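Biologist: I would like to go through this model and ask what stands behind the terms used for it. Please set each value against its cut-off.

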Amino acid sequence: DDDATDAARDDDDATDKASLATEDVLQFREVCAQARAFAATTRGRRAASGTTLAATADEARARLARTRACFGRGKNLDDDAFDGARDVRLVVEGARRGTTLAASSLGDVGATCGTQRRLGAALRERGDEAMREIEEALMRTPLEVVEAIERCVSVPGGEVLDDASETLRAIRVEQRRIREELRTMLNATSKEMARKNFAERAQIVTRLGRQCIPMKLGSAGELPGVVLDVSGTGNTVFKEPQIAVPLNNALATLSASEDAEIERILVELTSIVQTHADVLLDANEALTELDVANARARHAEWFDGAEPTIVDANQGMCVRELQHPLLLERHLTPLPKKSRHWRRGTGIGVRRERRLRRRFGAFAATRQSSRCARCGRPD
């Protein structure tokens with residue numbers, strides 16, 4: 001048994017070494033860096049960069065089928081199709097552990113869930129069997145989560161809405177009424193203080209969370225009220241008029257009530273996310289798989305690639321007019337820019353390009369036979 005285990009381990013090590021050697025010969029990681037530029041999401045770009053060679057012919061065929069499902073006019077998805085999608089794994093895991101999610105995090109979850117359901121519906125309409133597993137995972141995104149978050153939180157934005165609860169709506173209506181009343185009162189008072197030269201100008205500011213009026217130091221006693229602060233130079237005193245104290249107190253009370261109600265709403269929404277954590281994580285994984293498959297298809301269209309036929313190693317293979325994507329890059333349209341994720345080309349350099357040409361010389365990568373399929377120039 002020990003000998004068999006050692007032999008199996010040796011076989012696995014040999015396979016891993018062969019795979020790494022193949023990746024090096026094909027410059028596979030550099031090709032993945034090209035494909036990465038066509039992914040629409042941050043997680044998709046990371047996954048595309050970390051793609052490894054398929055371990056079996058069946059796995060390669062499965063990947064090819066998904067790429068084919070996204071290949072061609074009307075099939076591949078542009079970046080707008082993934083609009084709103086985020087990597088929400090950490091957020092969902094936090095909810096699973098019982099951490100109350102912030103409104104902004106819930107907004108990201110809501111936007112992502114909406115995108116997942118929209119993409120799932122698009123795949124269902126196509127009816128491609130190769131994408132069935134991804135489609136089903138996306139469509140399992142609970143509609144309850146989407147509706148609950150969109151009702152309570154702005155998506156995108158992450159602000160708790162007035163419609164989140166009747167209590168919150170009533171609190172905010174009262175806050176707006178009192179603020180308007182307080183603003184009108186302080187405007188009139190500040191203008192009067194400026195007219196009498198007790199203040200530099202008619203102005204209303206906030207200190208310690210309360211609205212007040214800046215007064216000249218020597219004239220502060222002309223306005224009955226409470227001193228909240230003094231300027232750094234000591235020449236200005238920030239004073240809350242006595243008539244404004246009840247209104248500022250009411251706003252402070254309402255603000256505390258608002259915070260408590262928002263916390264209750266966030267706890268409730270977090271509980272919903274927690275209940276559906278497993279399904280949400282599976283759907284987010286499917287979203288990334290779709291993004292990577294779509295990126296491969298867009299990458300293939302970019303360099304006018306042809307679909308290969310996957311065969312077992314013992315059958316041998318036939319390759320005609322093989323052209324490497326890295327050698328074609330300089331003759332094609334620039335890679336898509338992805339803000340800070342974008343880089344100009346793959347930057348393989350002259351020496352690496354020469355080495356790549358030598359490696360593919362046995363196939364067809366010669367200046368005579370390997371020409372750009374789009375412009376006819378040598379690759």
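Biologist: What share of the contacts in the protein chain with a separation of 6 or more comes from residues 24 or more positions apart?
Modeller: Such residues account for 69% of those contacts. The model is a predicted one, and a contact here means heavy atoms within 4.5 Å.

Biologist: How many helices and strands does the protein chain have, and how much of the chain counts as buried?
Modeller: The secondary structure comes to 13 helices and four strands. Of the 379 residues, 42% count as buried.

Biologist: Why is Cys70 called buried?
Modeller: Its relative accessible area is 1%, and buried means under 20%, so Cys70 is buried. Cys113, with a relative accessible area of 2%, is buried by the cut-off of 20% too.

Biologist: How many disulfides does the structure hold, and what would make a pair of cysteines count?
Modeller: The structure holds zero disulfides. A pair would need its sulfur atoms within 2.5 Å.

Biologist: What makes Phe28 buried or exposed?
Modeller: Phe28 has a relative accessible area of 17%; the limit for buried is under 20%, so Phe28 is buried. Phe28 lies in helix α2, residues 28-36. Between Phe28 and Ser49 there are 9.8 Å in space, C-alpha to C-alpha, and the two are 21 residues apart in sequence.

Biologist: How do you know that Ser219, in the loop between β2 and β3, counts as buried?
Modeller: Its relative accessibility is 13%, and the cut-off is under 20%, so Ser219 counts as buried. Leaving aside neighbours within four places in sequence, Ser219 is in contact with Asn197 and Phe198.

Biologist: In what order do the strands of the sheet run, and which are called edge strands?
Modeller: The four strands form an open sheet in the order β1-β2-β4-β3, with antiparallel pairing. The edge strands are β1 (205-207) and β3 (225-230), as each pairs on one side only. From one strand to the next, the twist averages 50°.

Biologist: What makes β3 and β4 a pair?
Modeller: Two strands pair if DSSP finds at least two bridges between them. β3 and β4 (residues 236-241) have five bridges, in the antiparallel sense, so the condition is met. In this pairing Val227 stands opposite Lys239 in β4. The two strands form a hairpin with five residues between them, and Gly234 in the turn has a positive phi of about 85°.

Biologist: Which helices pack on the sheet, and at what angles to β2?
Modeller: Helix α9 (residues 166-195) lies across β2 (210-216) and β4, and runs at about 0° to β2. Helix α10 (residues 245-275) touches β2, β3 and β4, and its direction makes about 145° with that of β2.

Biologist: How is the packing of α6 and α10 described?
Modeller: Two packed helices are described by the angle between their axes and the distance between the axes. For α6 (residues 103-126) and α10 the angle is about 35°, and the axes are 11 Å apart. The crossing is left-handed.

Biologist: Which residues meet there, and how do they divide into nonpolar, polar and charged?
Modeller: Ala103, Leu106 and Val109 in α6 meet Leu266, Leu269, Thr270 and Val273 in α10. They divide into six nonpolar, one polar and no charged. Ala, Val and Leu count as nonpolar, and Thr falls among the others, so Thr270 is the polar one.

How values were computed. Residues numbered from 1 in each chain as written. Predicted model: local features only at pLDDT ≥ 70, side-chain atom pairs only at ≥ 80, totals over all residues. Heavy atoms only, no water. Buried < 20%, exposed > 50% of the residue type's maximum accessible area, 1.4 Å probe, protein only. Axes fitted to C-alpha atoms, helices over the stretch in contact; angles between N-to-C directions. Left-handed = near helix turned anticlockwise from the far one by under 90°.
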